[in-house]
Amino acid sequence: MATIVHDFRSDTVTRPDAAMRAAMAEAPVGDDVYGEDETVAALEARVADMTGKAAGMFVPSGTQSNLLALMSHCERGEEYIAGQEAHAYKFEAGGAAVLGSIQPQPIENAPDGSLPLDKIAAAIKPDDIHFARTRLLALENTIGGKVLPQTYVEEATALARQAGLATHLDGARIFNAAVASNRSAKELAAAFDTVSVCLSKGLGAPVGSVLVGSPEFIAKARRLRKMVGGGMRQAGIIAAAGLYALENNVERLAEDHARARRLAEGLARHDGLDVELPQTNIFFLRTDPAIGERFADHMAAAGIAVSGRYGQQRWVTHKDIGDEAIDAALDAAARFFAAA
């Protein structure tokens with residue numbers, strides 16, 4: 001395995017800096033299962049306030065946050081609607097089905113990441129004993145680095161409400177969406193009953209997500225958190241990293257977006273690379289099959305780590321990727337095509 005010098009695989013690979021580590025070391029702690037960790041409580045209240053919700057619950061991961069949301073919205077044998085590319089459907093090991101006995105109803109995402117309204121309407125099951133009850137519409141913002149159009153969000157959630165469905169937002173990167181769209185996280189979250197916010201991606205905390213919603217909903221989710229093993233004790237140590245990230249690492253997401261754009265534009269200059277220009281910090285490219293494996297091997301040998309398979313690569317910028325990393329990646333790509 002080649003040594004990784006510049007890691008573009010994901011924004012989950014960031015490491016806490018000295019100031020964040022100091023905040024963690026100094027955090028007041030208590031037993032959070034007993035509700036006695038004041039730093040966790042402060043984080044939950046902060047995220048709830050930033051998203052316009054009444055209550056929050058700190059959990060170890062975004063996957064668990066989405067799972068608890070789905071299990072709290074839906075009972076066994078009921079159904080949620082989500083995109084085929086949605087993280088909660090595609091990348092969370094089928095947890096809702098396995099642990100919650102909840103049936104997913106996937107819909108093909110449109111190129112902009114949305115779910116077409118007519119397909120949502122067609123997927124909602126009638127009240128018939130042959131069908132699972134449709135209970136929830138789950139959207140994701142950003143999805144694949146794309147920001148959902150706000151007018152679409154309002155239309156889709158209105159359709160869901162008219163059909164008697166609850167709504168959940170996988171807002172793992174909601175702050176990327178907020179910065180890119182020049183809107184507040186509160187505005188992006190307003191149409192949803194519940195929102196999952198990840199702290200360990202672009203915000204740079206080492207671990208954790210917060211699920212927000214009504215006090216009644218969070219009380220139900222908290223019981224389920226205990227059931228699936230998500231209750232933590234002196235979790236203020238890691239919650240403090242989340243608080244630090246919210247105070248210091250939101251506005252700087254614009255830097256990640258700008259670097260992603262510069263990187264994508266530079267790679268797009270090469271024949272053989274089909275690059276989708278980014279809206280935020282994530283973009284995808286496809287390589288000509290004739291060079292795909294050689295290009296991937298060359299970049300890896302140069303210390304440039306990228307996730308991908310089947311000729312598609314995903315590039316992600318984050319707070320540990322500076323201008324020198326962008327320059328190194330572009331230089332490595334230029335050397336490959338110069339020698340090709």
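Is Cys74 buried or exposed, and what is its relative accessible area? I looked this up before anything else. Cys74 has a relative accessible area of 2%, under the 20% cut-off, so I put it down as buried. I note here that the model is predicted.

**Entry: cysteines**

I then looked at Cys198, which is buried as well, with a relative accessible area of 4%. I searched the whole structure for disulfides and found 0.

**Entry: largest pocket**

I turned to the pockets. The largest pocket has a volume of about 1100 Å³. I count 39 residues in its lining, and those closest to the pocket centre are Glu85, Phe91, Gly144, Phe284 and Gln312. I listed the elements that give two or more residues to this lining: helices H3 (62-73) and H4 (87-90), and strands E9 (273-275), E10 (282-287), E12 (307-309) and E13 (312-316). Strand E10 gives the most, with 4 residues. By class I have 10 nonpolar, 16 polar and 13 charged residues in the lining of the largest pocket.

**Entry: second largest pocket**

I record a volume of about 260 Å³ for the second largest pocket. It is lined by 15 residues, of which Ala296, Val306, Gly308, Arg309 and Gln313 are the closest to its centre. Helix H13 (292-301), strand E11 (304-305), E12 and E13 each supply at least two lining residues. H13 has the largest share, 4 residues. I note that E12 and E13 are also among the elements that give two or more residues to the lining of the largest pocket. The lining of the second largest pocket splits into 7 nonpolar, 7 polar and 1 charged residues.

I took a further look at Ala296, which lies in helix H13. Ala296 has a relative accessible area of 31%, so I list it as partly exposed. I also checked its separation from Phe58: the two are 238 residues apart in sequence and 38 Å apart in space, C-alpha to C-alpha.

**Entry: cavities**

How many cavities of 30 Å³ or more does the structure hold? I find 3. The largest cavity has a volume of about 50 Å³. Its lining consists of Gly83, Ala86, Asn109, Gly113, Leu115, Ala138, Leu139, Glu140, Ile143 and Leu148. Strand E5 (residues 134-140) has the largest share of this lining, 3 residues. I class the lining of the largest cavity as 6 nonpolar, 3 polar and 1 charged.

**Entry: aromatic rings**

I counted 5 aromatic pairs in the structure. For Phe8 and Trp315 the ring centres are 5.1 Å apart and the planes are at 55°, so I call the pair tilted. Phe8 is in the loop between strand E1 (6-7) and helix H1 (18-25), while Trp315 is in strand E13, so this pair ties together parts that are 307 residues apart in sequence. Phe8 and Trp315 are both buried.

The rings of Phe295 and Phe336 have centres 5.3 Å apart and planes at 70°, so I enter this pair as edge-to-face. Phe295 belongs to helix H13 and Phe336 to helix H14 (residues 323-339), so the pair ties together parts that are 41 residues apart in sequence. I find Phe295 buried, and Phe336 too.

I also noted a cluster in which ring pairs link Phe8, Phe283 and Trp315. I looked at Tyr34 for a charge over its ring: the charged end of Arg233 sits over it, 6.0 Å from the ring centre.

**Entry: backbone**

I kept in mind that most residues other than glycine have a negative phi, and most peptide bonds are trans. Which residues does a cis peptide bond join? I find it between Asn141 and Thr142, with omega about 0°. Thr142 is in the loop between E5 and helix H7 (150-162).

Ala93 is not a glycine, yet I read a positive phi of about 60° for it. Ala93 is in the loop between H4 and helix H5 (95-100). I count Ala93 as exposed, at 77% relative accessibility.

Asn182, also not a glycine, has a positive phi of about 60°. I place Asn182 in the loop between helix H8 (174-181) and helix H9 (185-189). Its relative accessible area is 72%, so I enter Asn182 as exposed.

Methods
Residues are numbered from 1 along each chain as its sequence is written. This is a predicted model: local features need pLDDT of at least 70, side-chain atom pairs count only at pLDDT 80 or more; totals for chains, interfaces and linings use all residues. Side-chain values use heavy atoms; hydrogens and water are left out. On a 1 Å grid over the protein atoms alone, a cavity is a set of points where a 1.4 Å probe fits but cannot get out, and a pocket is an open set with protein on both sides within 12 Å along at least five of seven lines; lining residues have an atom within 4 Å of a point. Grid points are joined across faces, edges and corners, and a volume is the space filled by probe spheres set on the points. Ala, Val, Leu, Ile, Met, Phe, Trp, Tyr, Cys and Pro count as nonpolar, Asp, Glu, Lys and Arg as charged, and the others, Gly among them, as polar. Rings of Phe, Tyr and Trp (its six-membered ring) pair if their centres lie within 6.5 Å; planes under 30 degrees apart count as stacked, over 60 as edge-to-face and the rest as tilted. Buried means under 20% relative accessible area, exposed over 50%, partly exposed in between (1.4 Å probe, protein chains only). A charge sits over a ring if NZ of Lys or CZ of Arg is within 6 Å of the ring centre and within 35 degrees of the ring normal. A disulfide is a pair of cysteine sulfur atoms within 2.5 Å.
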